[in-house]
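Student: Please take a close look at one helix pair in this model. I would like the packing described first, and then the chain around it.

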Amino acid sequence: MKLLLFDIDGTLIRSDGAGRMALAAALEEIFGTAGPIAEYKMSGKTDARIITDLLTAVGIATADITAKLPLVYERMADKARQIYPERKVAVCPGVPELLRRLQQQPDVALGLLTGNARQTAPLKLAMGNINPAQFHVGAYGSDHLDRNHLPAMAMQRAENLWQRPFSGANTVVIGDTPADILCARAGEATAVAVASGWHATTTLARYNPDHLFENLADTDAVLAALLEE
Ligand SMILES: [Mg+2]
């Protein structure tokens, strides 16, 4: 059985800043500030990392931030429910067809490996008309500060759910940033990079992914890469 772990932003959907807006609103409500959020580069980072960076930059104590992270995720989800329906969301090219074809594949387990918090990831997918329930396991930005810890968590959850072994040898991480490629390596998994987010193929190529696509539109070629033994 193969475990396919998809990133969300820039890989499945592009959310037109909606996630950033929900985070800013939640942080302002709880801490009275969202720190330097306007210039902060979020791509490839976990929500836990982003929130910690933004608030420590304006002098808030790490212990205070850590204690309030669960509350931040809850409030982000509340804000997302208000903000997301009003925002434009683009599904990345080829994604609906790819997911449809993967549903028909035997011995394929779908999961998420995303910097988004567990509370907001399904809201973002739903915004792009992607059914979150088709991803049976996940590792999220609320699980750890460091994305490189997430593949092992996703594999362990897949083992618990399906009662069979998962390791890097039968796991693929699909994402749009250098951080996705590096975290695939940290989990000794196959790295499939796609330039549908904010990083060009030339940038991604420098990190030596196992497969590199401009986008996921060539369904047959992408399926061959994902299911390669
Ligand atoms: Mg991404």
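Tutor: Helix 1 passes helix 3 in a right-handed crossing. Right-handed means that the near helix is turned clockwise from the far one by less than a right angle; anticlockwise would be left-handed. Helices here are DSSP runs of H or I with at least four residues, strands are E runs of at least two, and both are numbered from the N terminus. This is a predicted model: local features need pLDDT of at least 70, side-chain atom pairs count only at pLDDT 80 or more, and totals for chains, interfaces and linings use all residues. Residues are numbered from 1 along each chain as its sequence is written.

Now the geometry. Helix 1 spans residues 18–31 and helix 3 residues 62–83; they pack at about 130 degrees, with axes 8 Å apart. Axes are lines fitted to C-alpha atoms over the stretch in contact, and angles run from 0 to 180 degrees between N-to-C directions. The pair is therefore oblique, the class left after roughly parallel (under 35 degrees), roughly antiparallel (over 145) and roughly perpendicular (65 to 115).

Next, the contact (C-beta atoms, placed from the backbone, within 7 Å). From helix 1, residues including Met 21, Leu 27 and Ile 30 take part; helix 3 brings Leu 71, Val 72 and Met 76, among others. The contact residues divide into 13 nonpolar, no polar and 4 charged. Ala, Val, Leu, Ile, Met, Phe, Trp, Tyr, Cys and Pro count as nonpolar, Asp, Glu, Lys and Arg as charged, and the others, Gly among them, as polar.

Finally, the setting. The protein chain has 9 helices and 8 strands. Its C-alpha atoms fill a box of roughly 50 × 35 × 35 Å along the principal axes.

Notes:
Contact = placed C-beta atoms within 7 Å.
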